[in-house]
Amino acid sequence: PDSVEHGHIDVLPNPPPPGRLAPLASITDLEDRLGRTLTDEEAAKATALLRDASAKIRAFCRQSFDYVTGDVVTLREVGYKLTLPERPVTAVTSVVALSGHSELADVTLTGWQWDGLDQINLRGLSEVIVNLPEWWHDTPGGPGTFRVTYDHGYPTTPDDIVAKTCELATRVLTSPSPTEGMGSERVG
């Protein structure tokens, strides 16, 4: 044949990286604890060290600490309760029962109760809500998964979290490190 068509693919540019959470402490917080202004060399490292310390604290605590409004999570019911993952919870605005099937509509619930801390009680929903869809009753124990919209976090990072973030960053920032001309010797 005179011409042959070859397959092709479109190459798109890499999407921008996702936004990072702000460090849980500032350079000013770090300087306040050191009792002095950072040197130029320390200042060059400080932002990265505060980010690293913040990431470790968030991972250990399993909390972001940032104030978030309208966060949406999908949760599995355990014993008629949903436990919200981020704390402190400041408001719960919506609970939707997920049908799990594309042809069945999800149901926005109105009979749930928030305990004011971190749990939503679903017990008694079938008695409270009239005309639940048939699939709710056909599924043993109800739908099982729910989409919750809620607000959580701290408007200002708690002092103990700021202190721990600065402590972790300071350990690295002020520890002696090998530099040009410095020798080391093993003893023992």
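1. Let me start with the surface. The protein chain has an accessible surface of about 13100 Å², and 53% of that belongs to carbon and sulfur atoms (areas by the Shrake-Rupley method with a 1.4 Å probe; for residues, only the protein chains shown count as cover).

2. A word on what we are looking at. This is a predicted model, in which local features need pLDDT of at least 70 and side-chain atom pairs count only at pLDDT 80 or more, while totals for chains, interfaces and linings use all residues. Residues are numbered from 1 along each chain as its sequence is written, and side-chain values use heavy atoms, with hydrogens and water left out.

3. On the fold, the protein chain holds five helices and seven strands (DSSP runs numbered from the N terminus: helices are H or I of at least four residues, strands E of at least two). Their order along the sequence is α-α-β-β-β-β-β-β-α-α-β-α.

4. On burial and contacts, 31% of the 188 residues in the protein chain count as buried (under 20% relative accessible area; exposed is over 50%, partly exposed in between, with a 1.4 Å probe and protein chains only). Taking contacts between residues at least 6 apart in sequence, 72% join residues at least 24 apart (a contact means heavy atoms within 4.5 Å).

5. Now to the charged pairs: the whole structure contains seven salt bridges (a side-chain nitrogen of Lys or Arg within 4 Å of a carboxyl oxygen of Asp or Glu). One of them links arginine 36 to glutamate 42, with 2.7 Å between the closest N and O atoms. Glutamate 42 is buried at 11% relative accessible area, whereas arginine 36 is partly exposed at 35%.

6. Helix α2 (residues 40–61) is worth a look too. Glutamate 41 and lysine 45 both sit in this helix, four residues apart, or about one turn, and their side chains form a salt bridge at 3.8 Å, N to O. Here glutamate 41 is exposed, with a relative accessible area of 57%, and lysine 45 is partly exposed at 40%.

7. Please also check arginine 58 and aspartate 66, whose side chains meet in a salt bridge of 3.2 Å, N to O. In this pair the arginine 58 side of the bridge is buried, at 11% relative accessibility, while aspartate 66 counts as partly exposed at 22%. Elsewhere, Lys164, Glu167 and Arg171 are joined into one network by salt bridges that share partners.
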